[in-house]
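Here are some exercises to work through with the model open beside you. Try each one yourself before reading the solution.

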Amino acid sequence: MSTVMIADEHTENRALMTDLCRAAGYDVTIGTSTATVMVGLLKRTCKVVLLGSQFDELEAVELIPLLKRCCKTLPIIVVASDFPAAATRRLRREGIFYHLLRPVLPEDFEELQQAIACALKKQAPCYN
């Protein structure tokens, strides 16, 4: 079973994404702090990260370089609706796998599931 790490400050978003991922058959780990996310990456238990716009008092654009230092090939899917265009471009330069708006409608959930499945298929082992 593949582990999906969810790192989002908003409790309701975390709960929604957790339910969706578990329903799709993924093992879900909830990052409660930047440290727990980093440990999951270093121990190689995390295969994909779903990252909100802000987590543990850090903006996603600040956190992504730290995560990429632990695993350069880590697929990071940013799930956030509140990014200006300039921040979205910076996220892409930092090497995110995918950016999607917060799921609201059933087809939004399908997009998230497809993004996770694609990320897991293309993920290479983390060798830094």
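**Exercise 1.** In this predicted model, find the loop that holds aspartate 56 and decide whether the residue is buried, partly exposed or exposed.

*Solution.* Start with the location: aspartate 56 sits in the loop between strand E4 (54–55) and strand E5 (58–59). Next, look at the backbone, where phi of aspartate 56 is positive, about 55 degrees, although the residue is not a glycine. Finally, take the relative accessible area, which is 34%. Buried means under 20% and exposed over 50%, so aspartate 56 is partly exposed.

**Exercise 2.** Now do the same for arginine 44: where does it lie, and what is its phi?

*Solution.* Arginine 44 belongs to the loop between H2 and E3. Its phi is near 65 degrees, a positive value in a residue other than glycine. With a relative accessibility of 36%, arginine 44 therefore counts as partly exposed.

**Exercise 3.** Which residues does threonine 34 touch, leaving aside those up to four places away in sequence, and is threonine 34 buried or exposed?

*Solution.* Begin by placing threonine 34 in helix H2. Its contacts, with those sequence neighbours left out, are Phe55, Asp56, Leu58 and Leu63. Asp56 is the loop residue between E4 and E5 from the opening exercise. The relative accessibility of threonine 34 is 12%, so the residue counts as buried.

**Exercise 4.** Describe how H2 and H3 pack: what is the angle, and which residues meet?

*Solution.* Take the geometry to begin with. Helix H2 (residues 34–42) packs with helix H3 (residues 60–70) at an angle of about 25 degrees, and their axes are 9 Å apart. Angles under 35 degrees count as roughly parallel, and H2 and H3 are therefore roughly parallel to each other. The handedness of this crossing is right-handed. Now turn to the side chains: H2 brings Thr34, Val37, Met38, Leu41 and Leu42, and these meet Leu63, Leu66, Leu67 and Cys70 in H3. Sorted by character, the residues of this H2–H3 contact come to 8 nonpolar, 1 polar and no charged.

**Exercise 5.** What is the strand order of the open sheet, and which strands lie at its edges?

*Solution.* Walk across the sheet strand by strand: its 5 strands run in the order E2-E1-E3-E6-E7, with parallel pairing. Strand E2 (27–30) and strand E7 (98–100) are the edge strands, each pairing on one side only. On average, and ignoring direction, neighbouring strands are turned by 20 degrees against each other. For one pair in detail, strand E1 (residues 3–7) joins strand E3 (residues 48–51) in the parallel sense over 4 bridges. There, alanine 7 stands opposite leucine 51 in E3. Helix H1 (residues 11–23) packs on this sheet and touches E1, E2, E3 and strand E6 (76–79), while its direction makes about 160 degrees with that of E2.

**Exercise 6.** At what angle do H1 and H5 cross, and which residues make the contact?

*Solution.* First the axes: those of H1 and helix H5 (residues 106–122) come within 11 Å and cross at roughly 65 degrees. The crossing of H1 and H5 is right-handed. Then the residues: Leu16, Met17, Leu20 and Cys21 of H1 contact Phe109, Leu112, Gln113 and Ile116 of H5. Classifying the residues of this H1–H5 contact gives 7 nonpolar, 1 polar and no charged.

Technical notes
Residues are numbered from 1 along each chain as its sequence is written. This is a predicted model: local features need pLDDT of at least 70, side-chain atom pairs count only at pLDDT 80 or more; totals for chains, interfaces and linings use all residues. Side-chain values use heavy atoms; hydrogens and water are left out. Axes are lines fitted to C-alpha atoms, for helices over the stretch in contact, and angles run from 0 to 180 degrees between N-to-C directions. Helices (H or I, at least four residues) and strands (E, at least two) are DSSP runs, numbered from the N terminus. Angles under 35 degrees count as roughly parallel, over 145 as roughly antiparallel, 65 to 115 as roughly perpendicular and the rest as oblique. A crossing is left-handed if the near helix is turned anticlockwise from the far one by less than a right angle, and right-handed if clockwise. Contact means heavy atoms within 4.5 Å. Ala, Val, Leu, Ile, Met, Phe, Trp, Tyr, Cys and Pro count as nonpolar, Asp, Glu, Lys and Arg as charged, and the others, Gly among them, as polar. Two strands pair if DSSP finds at least two bridges between them. Buried means under 20% relative accessible area, exposed over 50%, partly exposed in between (1.4 Å probe, protein chains only).
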